[in-house]
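Visitor: I am new to this structure and would like a close look at one part of it. Please take a pair of helices that meet, and then go on to the salt bridges.

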Amino acid sequence: MVFRKLPGVSASGMGLRLSQKFVFLLFLSGLVTLCFGALFFLPDSVRLKRIFLSKTETQPVTVGSGSENDAREHMKRPKEQGMTPAKGESSTKLKSLIRKPSVSHEATEERLARGKAQEDLTPPRLITESASVKASSSDHPDTFSYNKFKGCLLKPPLGRDGGQTSDPTTNERREKVKEMMKFAWDNYKRYAWGKNELRPLTKNGHIGNMFGGLRGASIIDSLDTLYIMGLMEEYNDAKEWVQTSLDLNSNGEASLFEVNIRYVGGLLSAYYLTGEEFYKKKVVELGEKLLPAFNTPTGIPRGVINLGSGTSWSWGWASAGSSILAEFGTLHLEFVHLSELSRNPIYTEKVMNIRKVLNKIEKPHGLYPNFLSPVSGNWVQHHVSIGGLGDSFYEYLIKSYLMSDKSDDDAKKMYYGALEAIEANLVQKSPGGLTYMAEWRGGILDHKMGHLACFSGGMIGIGADDGEPEKRQHYLDLAAEITHTCHESYTRSATKLGPEAFRFDSGGEATATRLNDRYYILRPEVIESYMYMWRLTHDPKYREWGWEAVQALEQHCRVESGFSGIRDVYTLTASHDNMQQSFFLSETLKYLYLLFSDDDLLSLEDWVFNTEAHPLPIIRRSCLEDPAPQDKTVSE
């Protein structure tokens, strides 16, 4: 090879003397060492690692900003007021709706009774993402049999006569709740159709940035409520929108938690109630899009996921890039059912791995703190709450046990162990005799109870029967005491609606002492506990308390074009927040309707409710795996 001759450069030396070579190699090795040191050893080196590592292995990235109060707002029920759409979120044009034949309860049940096949015979496509876990035909039948599932129910889902009671007054109240649902739905359809929520004062729709570009949150959240109320024209409109306009090919940044409880939960319940095959196909497709969030060193999912790219990261307000207990702990019910429908065990394996991680690490005083690192698998802070940030983790433990037909002994052990620690460390009695759940911050109690924590009355109630025999009555009494305290938080306000949080210090009890805790955003948790306690005890006071809530909602939250939250429950001068939350349709009104219905409407012997009040059936494994044909299919 011929090299161009330059002064002082020889061909054999490639243009460098021996000493120059040494200096150059020394410089190069130092540069390489510096780069790799920055890449792998310096803290918070996420951006550098993204250059070299695949998206599925990126370390946590914090986004946004906010305080712990923002975190509480986000957990389980975000208070989204005027939030801008997330990056990558674009407006979805609604497809033209082609009117399809309407369905009724009678038509659905007649079709199922004839045994007409509801399931698609083509096996669902299996997940081939990084986990590389595929369903085995030797573990499960090729397809899920809807008719066999129906045959395993002990009672018709809609009960006798749609759950109507023998008491005229109770039936009148039930009809009032139904009218409230129709009013809320009609205004959503008129002013916000296809958007996520209605702004009733300005008469327009709200999209928000929690759902990654997904639309129609109020539609998905309302499907089962409309169906069980017998609002079939409205249900058919919702069904048609899901068939023709629910676009899952979004590329926005979504809350794993919110998409799971609202969209996955809503589509699952719609499928189980109606047998409509397209609900199953939609929910399995959406479930696949959530799996990349679990691609972390521990398998603990991060809180935010881009539904298009699969990239995930942690919330900006979450301490040190941690995952949130109430988020990664509120996936189990839905993911187990995703495995049932898809015949792909990957969903169950993902949530079972979360339990393995939690069972390995030490719990301070037996308690589960709210923040966990998805990288190290260690707790980040020792803040424990039965309200926001922690709440539905505990709810899903007892409900996982119940949904397994009481065969999930691991869930049972975790739940009663956690409840014992909660009683020992968090349950308090006020000077006035009110029982409440305090929060725990590194061993120091904060004598505050959030509205979100008021679900715990119902949770402890439904778990009472399966505790140690000598504790069963104690648990039922504890559930009643907590529900009473939450009712007191309502009765001690001018509007008879409860504040976002109430305290037990400075001489006050069950009242909000801070201005930023005085609002009510149509939350369901107190009414949820009324419903459970009614079904467990049939004490008429729970129905009376529920009717008080109906009257307060009508007086203070009903506006010309829907229902709105209010900014101060302690003043009769209305100041509305201009938001009809989708969970008002899914939870608040559904729990009220069930409260005034017979117990066989969505019987607790057959169903558990996810944390968005979407009913999911108990999995009776022995019945479902029985090769003999089911001849006991229930009918309405």
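**A helix pair and the salt bridges**

Guide: Helix α9 passes helix α12 in a left-handed crossing. The model is a predicted one, and what follows describes that model. Helix α9 covers residues 256-274 and helix α12 covers residues 332-342. Their axes come within 10 Å and cross at roughly 45°. An angle under 35 degrees would count as roughly parallel, and one from 65 to 115 as roughly perpendicular; α9 and α12 are therefore oblique to each other.

The contact can be followed residue by residue. On the α9 side it is made by Asn260, Ile261, Val264, Gly265, Leu268, Tyr271 and Tyr272. On the α12 side the partners are Glu334, Phe335, His337, Leu338, Glu340 and Leu341. Sorted by type, the residues of this contact comprise 8 nonpolar, 3 polar and 2 charged.

Next come the salt bridges. Over the whole structure, a search finds 35 of them. One of these joins the side chains of Arg160 and Asp600, with a distance of 3.0 Å from N to O. This pair ties together distant parts of the chain, 440 residues apart. Arg160 lies in the loop between α5 (146-151) and α6 (168-192), while Asp600 lies in the loop between α20 (582-595) and β19 (607-609). The two ends have opposite surroundings: Arg160 counts as exposed because its relative accessibility is 59%, whereas Asp600 is buried because its relative accessible area is 5%. The cut-offs behind those words are over 50% for exposed and under 20% for buried.

A further salt bridge is formed by the side chains of Lys448 and Glu439, at 3.8 Å from N to O. Lys448 has a relative accessibility of 8% and so counts as buried. Glu439 also has a value of 8%, so Glu439 is buried as well. Both residues belong to a network of salt bridges that links Glu439, Arg441, Asp446, Lys448, Arg503 and Asp505.

The last example is the salt bridge between Glu554 and Arg558, where the closest N and O atoms are 2.9 Å apart. Arg558 falls between the two cut-offs: with 23% relative accessibility, this residue counts as partly exposed.

To retrace the route on the model, begin at the oblique crossing of α9 and α12, go on to the bridge between Arg160 and Asp600, and then find the network that includes Lys448 and Glu439.

Notes:
Residues are numbered from 1 along each chain as its sequence is written. This is a predicted model: local features need pLDDT of at least 70, side-chain atom pairs count only at pLDDT 80 or more; totals for chains, interfaces and linings use all residues. Side-chain values use heavy atoms; hydrogens and water are left out. Axes are lines fitted to C-alpha atoms, for helices over the stretch in contact, and angles run from 0 to 180 degrees between N-to-C directions. Helices (H or I, at least four residues) and strands (E, at least two) are DSSP runs, numbered from the N terminus. Angles under 35 degrees count as roughly parallel, over 145 as roughly antiparallel, 65 to 115 as roughly perpendicular and the rest as oblique. A crossing is left-handed if the near helix is turned anticlockwise from the far one by less than a right angle, and right-handed if clockwise. Contact means heavy atoms within 4.5 Å. Ala, Val, Leu, Ile, Met, Phe, Trp, Tyr, Cys and Pro count as nonpolar, Asp, Glu, Lys and Arg as charged, and the others, Gly among them, as polar. A salt bridge is a side-chain nitrogen of Lys or Arg within 4 Å of a carboxyl oxygen of Asp or Glu. Buried means under 20% relative accessible area, exposed over 50%, partly exposed in between (1.4 Å probe, protein chains only).
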